[in-house]
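Reader: I'm new to this one and would like to ask how its labels were earned. Could you take me through it?

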Amino acid sequence: MDHKRRDTLKAGGGLGVFSLLVAAGLIKPELAEAAWNKSAFEAKNLESALAALGAGKPGDSADVQLNTPDIAENGSVVPVGVVSKLPNTEQIAILIEKNPNLLAAKFEIPAGTAAEVQTRVKMGQTSDIYAVVKADGKFYVTKKEVKVTLGGCGG
Amino acid sequence: MRKTLGIAALAAMLVGGAQAQSTADEIAKYREMIADGNPAELFEMEGESLWKTPRGPKKATLEQCDLGQGPGVVEGAFARMPRYFADTGRVQDLESRLLTCMETLQGIPASAVVDGDWNKGERKTMDALAAYVVTHSRGQKIQLDLANPQTRRMYELGKRAFYYRSGPMDFSCSTCHGEDGKRIRLQDLPNLTHKEGAIAAWGSWPAYRVSNSQFWTMQHRLNDCFRQQRTAEPEFASEVTVALSVYMAATAQGGVLQTPGLKR
Amino acid sequence: MANPMRIRAAVKDGFTEVRVLMSHVMETGQRKDSSGALVPAHFITELTAKHNDRLVLSAQFGPSVSTNPYLSFKFEGGAKGDKIVVSWVDNKGESRSDEAQIA
Amino acid sequence: MKAVSILRPALAALLAATAGLSAAAGEDYDAQTREMMQSSFKENGIASKYRQLQLDFQKACSALVPPSAAAMKQIEAEQMQTVRWPADGKFFGDWKEGEKIAQSGRGLTWTDKAGESNGGGCYNCHQLAPQELSFGTIGPSLHRYGKLRGSDEGMVKYTWGKLWNAKAYNACSQMPRMGDAHILSEAQIKHVMAYLFDPASPVNQ
C-alpha cells in the first residue's frame, strides 16, 4: 500500500479528484470537469433526471446498446454494459427508473476512448434501465427491463 | 458451464415451457456477466498485506506460519487442507490453522476470533487472510491425505453430522444438499454427497457474496447453513465444522479449486 | 481508510482494456442498520483514469453503483509497461489513487 | 457402524479397502457424532442447545441406512396422533395472507426474536403461483393445487394434516411440521390452505 500518496490525496479534503490533480499539476485545468452533477444525481423522476443531464427528450436509437441480463439473480449487483455505435459519442449515462435516485453513473468519453463501458448497479426492484448517450451534441436513449428476483431462502 | 446446464435442464424438466427455460438462460447470463472482476480480489490484496504485517503482542508477521507444507509455504497449502497437524494433535481446516498461527506467532488469542462477530475485528482479518491463502491454491487439485487415521475419523464424523436431523424444522445438511438438481428459490443446491456437487461447493468457497458484499470463509458459510437449519450455533472452528469440511473436501477429492469464488 | 484498488490493463487488437475493482461501501443513505438507524450515504462521486498523463475516462457515480464498484472500458493505443492511474473521491472527501502497468 | 457390523468381516474389509475411508475396528462413530453435535454448539438467542437433541423419528431418519418399512409405518401412526384439526371446523382463511406466509422464509433462527410470527417458507421448496419465478424444487410443484385436486373433504383434511405434520404421511419427509412444531399458528395454516385451494388464489390460475 502506498500510504504516502493516499495521505497526500486525503489532505485535499472535500476537493474533487480533478481539483486535486490540477493542484498537483498532474492534469491541465482545461481537462477538469464540472463538479459532481448534484441535480442530476438527486433527480427523483425520469423527466427531471433527463432535464438535469441537459438531455431533454432524447430520441430512441438502435445504435445505443444496453447489455444486461433480463433477470438479475440479485438486485445488489446488476451488471450493465453500454455500447454506443454513434460517431463522436462524448457521454454515456445509466439510469434506473424505479431507484430512489434514478441516475446511477455518468461517463465522459474523451476522443480515443471507445464508447463502451461496463459497470454494476443496485436495483431495489424490477425496473427499466435507460442508457442515455450524448453524441455530436445530441442525446439518444435506449431502455431495457431487468427483473430482480429473490435468490435465497429469505431466512 | 456445468451449473448452467444443470439449472437449464432442471427447469425444463420440472416446469416445461419456454418461460422456465428463459429464466434459466438469463440467470446463466447474469452469472457469466458478473464472473469477471470478482471483488474477492480486493480481500486477497488486503490479506497479503496483513500476512506480511507485524501484528499482535509479539509484533510478528505470519510469514513463518506452517499451513502443512512447511513454515511460510502458502502455495498449494489450501488444496491439502483440512489435514492433521502433529504440533496441535488435531485435524485443522484453514481457519482453525490460521488461529494457531495467530496465537503462536503473533500472540493473538484464538478467542479474539472465536468469540468475535462476523465482518468485525479479528474475524474480518481472518476473512482477508483466507482470501490470500486460497488464491494460492486456485487451479490446483484437492488432495486430502485420506490415509491419515485422524483425517479418516473426521470424515466418518462429518458424514454422520451431514445427515443429523434436529431442531424445530427437522432439517439436516442433507435436506438441501442430498440430491442432484435441487434449488432453494432460484439458488442451485449442490449435492454434497457426490463428487461433482462437492467440487462445485468445496472448490468455490471461500467466496465473495454479491448479496451482501461480504467475503465469507467456509466457517461463515457453515455457520449460516446451521442458522437456516434452525440448530443452535456451531462454535467457530469447532469439531463439527472441521468434520463437515473433511467430508466435503474428501468427497471432492481430485477436483480443481476455483477459490476464491463469487456467489449470489 | 480505503483499501487499494485492483487495476488490470491489457492490450488487445489496438485497444487497451482496463478493468478496475474499487474497495468502497457505496452506502445509499437509505439503508437502516440493525438498530433501525439510517446509515449515512457514503459513496464514490468522481473517478478519473489516465494513460500516462492523458485522461482516458472520467466518471461520476451516484449511490446506485454497487458496493465495491467494478468498471471496465477501453481506449485506443497503449503499450505494455505504460502506466494507468485511476483516482476516485467520495462524498465524504476521502480519496484514493492507484496505478498499474499495462500487461 | 450398524451397516458394516452385519457384514461378514472379509466383505467389510473389501469394502473398506475400496472406499479407503472405512472405520477402524471398534470405533463407535455414531456415539462420537452425537457427542460432537452437542459439544460443538452453543446457545444463541432463541436457538437453544436443546435443539441439538434428536426426537426419536429425527434420529431414525438420520441413520445412514433408512428405517425399515415397518418402522416408517410406526412413525407415521405416532405422528398422526399429533395432528390437531381446526377447533371451529373451518379450514380456510384469507389467501392474500396465505401468500405472504408462503413468501416469507423468516423465523426461528438465532437472529430472529422470540414471539415474532414465522413465515412458512413455502416458496423455498415449492412452485405455487406461476408469476413467482423464484421458487425452489426440493418439494413438488403446487401450481393449480386446488384446481387439479379438487376440494372434497378428504383432500382438504389430507392437506391440513400434511401442513400440520408432514411426517404423519411420510415418516422421513423433508417438510417441517408446520403445526406440530409451532412454526405456524392454526390461523396461519388456514391462510395457507386458502392460498392452496381458493379458486381466486393466484396458485389456481
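Author: Sure, starting with confidence: pLDDT is the predictor's confidence in each residue, on a scale from 0 to 100. We need that because this is a predicted model. Chain A averages a pLDDT of 82, and 74% of its residues score at least 70.

Reader: Which stretches of chain A have a pLDDT below 50?

Author: Residues 1-15 of chain A are below 50, and that stretch has 21 contacts in the model beyond near neighbours in sequence. Residues 27-33 of chain A are below 50 too, with 12 such contacts. Where pLDDT is low, the predicted coordinates should not be read in detail.

Reader: What is the mean pLDDT of chain B, and where does it stay under 50?

Author: The mean for chain B is 91, with 92% of its residues reaching 70 or more. In residues 1-17 of chain B, pLDDT stays under 50, and the model has 23 contacts beyond four places in sequence for them.

Reader: On to helices. At what angle do α4(B) and α6(B) pack, and what do we call that?

Author: Helix α4 (residues 94-106) of chain B and helix α6 (residues 121-135) of chain B pack at about 115 degrees, with their axes 10 Å apart. Angles from 65 to 115 degrees count as roughly perpendicular, so α4(B) is roughly perpendicular to α6(B). The crossing is right-handed.

Reader: Which residues make that contact, and how do they divide by class?

Author: On α4(B) they are Leu94(B), Glu95(B), Leu98(B), Leu99(B) and Met102(B), and on α6(B) they are Glu122(B), Met126(B), Leu129(B), Ala130(B), Val133(B) and Val134(B). By class, that gives nine nonpolar, no polar and two charged residues.

Reader: What makes α10(B) and α11(B) roughly perpendicular?

Author: The axes of helix α10 (residues 218-229) of chain B and α11(B) cross at roughly 105 degrees and come within 11 Å. The range for the label is 65 to 115 degrees, so α10(B) is roughly perpendicular to α11(B). Met218(B), Gln219(B), Leu222(B) and Phe226(B) of α10(B) meet Val240(B), Thr241(B), Leu244(B), Ser245(B) and Met248(B) of α11(B). That contact has six nonpolar, three polar and no charged residues.

Reader: How many aromatic pairs are there, and why is the one of Phe43(B) and Phe215(B) called stacked?

Author: There are 17 over all chains. For Phe43(B) and Phe215(B), the ring centres are 5.4 Å apart and the planes sit at 25 degrees. Rings pair if their centres lie within 6.5 Å, and planes under 30 degrees apart count as stacked, so this pair is stacked. Phe43(B) lies in helix α3 (residues 40-51) of chain B and Phe215(B) in strand β6 (residues 214-216) of chain B, so the pair ties together parts 172 residues apart in sequence.

Reader: Which peptide bonds are cis, going by omega?

Author: The bond from Met81(B) to Pro82(B) is cis, with omega near 0 degrees; Pro82(B) is in the loop between α3 and β1 (83-85) of chain B. Another cis bond joins Thr259(B) and Pro260(B), where omega is about -5 degrees. Pro260(B) lies in the loop between α11 (239-251) and β8 (261-263) of chain B.

Reader: And how many helices and strands does chain C have?

Author: Zero helices and seven strands. Its C-alpha trace spans about 50 × 20 × 20 Å along its principal axes.

Notes: Residues are numbered from 1 along each chain as its sequence is written. Chains are lettered from A and ligands numbered from 1 in the order in which they are written. This is a predicted model: local features need pLDDT of at least 70, side-chain atom pairs count only at pLDDT 80 or more; totals for chains, interfaces and linings use all residues. Side-chain values use heavy atoms; hydrogens and water are left out. Axes are lines fitted to C-alpha atoms, for helices over the stretch in contact, and angles run from 0 to 180 degrees between N-to-C directions. Helices (H or I, at least four residues) and strands (E, at least two) are DSSP runs, numbered from the N terminus. Angles under 35 degrees count as roughly parallel, over 145 as roughly antiparallel, 65 to 115 as roughly perpendicular and the rest as oblique. A crossing is left-handed if the near helix is turned anticlockwise from the far one by less than a right angle, and right-handed if clockwise. Contact means heavy atoms within 4.5 Å. Ala, Val, Leu, Ile, Met, Phe, Trp, Tyr, Cys and Pro count as nonpolar, Asp, Glu, Lys and Arg as charged, and the others, Gly among them, as polar. Rings of Phe, Tyr and Trp (its six-membered ring) pair if their centres lie within 6.5 Å; planes under 30 degrees apart count as stacked, over 60 as edge-to-face and the rest as tilted.
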